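Welcome, and thanks for taking a look at this one with us. Please have the sequence and the 3D view open side by side as you read.

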Amino acid sequence: MESETPLLDELEKGRWPSFVKEIKRAAKKNKAALDLLRVEELSYKDKITHWKHGGIVGVTGYGGGVIGRYCDKPEEYPEVAAFHTFRVNHPAGWFYKTEALRKICDIWEKYGSGMTNFHGSTGDIILLGAKTENLQPCFNELTEAGFDLGGSGSGLRTISGCVGPARCEWATIDTLDITYDLTMEFQDEIHRPRWPYKFKIKISGCPNDCVAAIARADFTIIGTWRDSIRIDQEAVREYVKNGFDIETVVRKCPTEAISWDEKNKVLNFVPEDCTRCMHCINKMPKAIRPGTEGGATILVGGKAPILKGAYLSWVIVPFMKMEPPYSEVKSLLRKIWDWWDEHGRTRERLAELIERLSFARFLKDMGLPVQPQMVFRPRSNPYVFFRR
Amino acid sequence: MGEVSEELKQKILEYLKTVSKAKNRDIARALNEDKHLVDKAIGELSKEGKIEYIFLGTSFVKIKE
């Protein structure tokens, strides 16, 4: 029998897993998935989307967390006339018990299309495709199962952080606790969007920045240390003895803070020159470790290109202790939000507002002292590709 | 942030009776009160079922009917 979706079928022929294959599997037990395939095929054929993103949908008391999605051909594809997305607030570090996953899946098979996306780019659990009348009952059951909705629209987006100390020896801050604590503190800001535009907070446990917080968050918290890296000279010698090219570390230290004394077999280090780039630590993890006095560097302004171009975050606080109840960071966040809400235009991200009113004005209004680490937009384009 | 007083909550309710809807920021400005305290008070009033949130592009609050 001839396939109903010849264009989509092409996407199953590549080397990688295909979403088409998965939707086809879902279509065996869900009519919405079947209609979704058909409407997608039509979109490919017509070369225009048949989806409308947006519109007012929601659940009682929440302005965020459900994204309205409608098909422009409801008569032809009734099962996907409304195909709303739930954003469910993920647990810090994305750790689940299988019991929790089963609960989510059971609820989603009952009220939605059964299709999920673990996890969306913001980090949330994404449940794809619910009818309007199913939104409230689905939300009610999710709540009873212990899940809350995440952020969407012009409000605080679901806060996310790396797995931190749970699985990584480099974390200098407890990213899991900070993520959880800030989420609890700012639930209202997640649930009720009332700012000029979206605001993202992401937390990385060390400068390796595995969650790419620097590129993706308006407010970035990156673990660092205030004292010196720890060098085990015996372990360094062991690396060298085993044929490790120590020059790959020395040569690539961006501030020339380290040098190799070949004669005495000692790795010299100038702590005040170190920018904590982690390169030497990553190359010689058995010999070099972060310092012991942990805290975080706070940055602002990361964003993708929407109104203006893409920005990478830049430093506003070089070092901040990060201990519960995290009062200092919470107070700074509130100050920033008030300022942005007061001066920001509709759909103007924090970085764009700072650019419009000036970085000096921002620092002055925040009461932050000017420091050498504050390089305004150190590199504006994160989409840099190096040729081999 | 300080504790929310009953007096502040009452002032917010009185203000909301004079408008169809309002943003938190505008309420704080109209009452000349700290915005964060007003946010907190509005959260409590919502839990008490006295006001409700509405979303018209952005969040507003109004007296619950």
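Here is a short tour of chain A, from its overall build to its sheets, its cores and one arginine. Please keep in mind that this is a predicted model.

**Overall build**

- Chain A carries 14 helices and 15 strands, and its C-alpha trace spans about 80 × 50 × 40 Å along the principal axes.
- Of its 388 residues, 49% count as buried.
- The accessible surface of chain A is about 19,500 Å², and carbon and sulfur atoms supply 52% of that area.
- If you look at contacts between residues at least 6 apart in the sequence of chain A, 64% of them join residues at least 24 apart.
- On the charge side, chain A has 56 positive and 52 negative side chains, with the centres of the two sets 3 Å apart.

**The five-stranded sheet**

- An open sheet of 5 strands in chain A follows the order β7-β8-β9-β14-β15, with mixed pairing.
- At its edges stand β7 (160-161) and β15 of chain A; each has a single partner strand, so one side of each lacks a neighbour in the sheet.
- Starting from the β7 edge, β7(A) and β8(A) run parallel and are joined by 2 bridges, with S160(A) opposite K202(A) of β8(A).
- Further along, β9 (residues 219-225) of chain A pairs with β14(A) in the antiparallel sense over 7 bridges; here T220(A) has L299(A) of β14(A) as its bridge partner.
- On to the other edge: β14(A) and β15 (residues 314-320) of chain A run antiparallel and share 4 bridges, and A296(A) faces M320(A) of β15(A) across this pairing.
- How many residues of β14 (residues 294-300) of chain A are buried? The count is 7 of 7, so this strand is mostly covered.

**The four-stranded sheet**

- A second place to look is an open sheet of 4 strands in chain A, ordered β2-β4-β6-β5 and paired antiparallel.
- Its edge strands are β2 (66-67) and β5 (112-118) of chain A, and because each has a single partner strand, one side of each is left without a neighbour in the sheet.
- β5(A) is joined by 5 bridges to β6 (residues 125-130) of chain A, and the two run antiparallel.
- Within that pairing, M115(A) has L128(A) of β6(A) as its bridge partner.

**Nonpolar cores**

- The largest nonpolar core has 41 residues, and those with the most contacts inside it are F199(A), I201(A), F219(A), I221(A), I316(A), I336(A) and F362(A).
- Elements giving two or more residues to this core include the strands β8, β9, β14 and β15 and the helices α6 (175-185), α12 (327-343), α13 (350-357) and α14 (359-366) of chain A.
- α12(A) gives the most to this core, with 7 residues.
- Apart from this core lies another, of 23 residues, with Y239(A), I258(A), C280(A) and A287(A) among them.
- For a view from inside the larger network, try I201(A): beyond its neighbours within four places in sequence, its contacts include F219(A), I221(A), L182(A), L333(A) and W337(A).

**A buried arginine**

- R194(A) sits in the loop between α7 (187-191) and β8 (201-204) of chain A.
- Is R194(A) buried or exposed? R194(A) counts as buried because its relative accessibility is 5%, and the cut-off for buried is under 20%.
- Beyond its neighbours within four places in sequence, R194(A) is in contact with residues including D188(A), E189(A) and D341(A), along with K23(B), D39(B) and Y53(B).

Notes. Residues are numbered from 1 along each chain as its sequence is written. Chains are lettered from A and ligands numbered from 1 in the order in which they are written. This is a predicted model: local features need pLDDT of at least 70, side-chain atom pairs count only at pLDDT 80 or more; totals for chains, interfaces and linings use all residues. Side-chain values use heavy atoms; hydrogens and water are left out. Buried means under 20% relative accessible area, exposed over 50%, partly exposed in between (1.4 Å probe, protein chains only). Contact means heavy atoms within 4.5 Å. Accessible areas come from the Shrake-Rupley method with a 1.4 Å probe; for residues, only the protein chains shown count as cover. Lys and Arg count as positive and Asp and Glu as negative; His and the chain ends are not counted. The place of a charge is taken as NZ of Lys, CZ of Arg, CG of Asp or CD of Glu. Two strands pair if DSSP finds at least two bridges between them. A nonpolar core is a set of buried Ala, Val, Leu, Ile, Met, Phe, Trp, Tyr and Cys residues joined through side-chain atoms within 4.5 Å.
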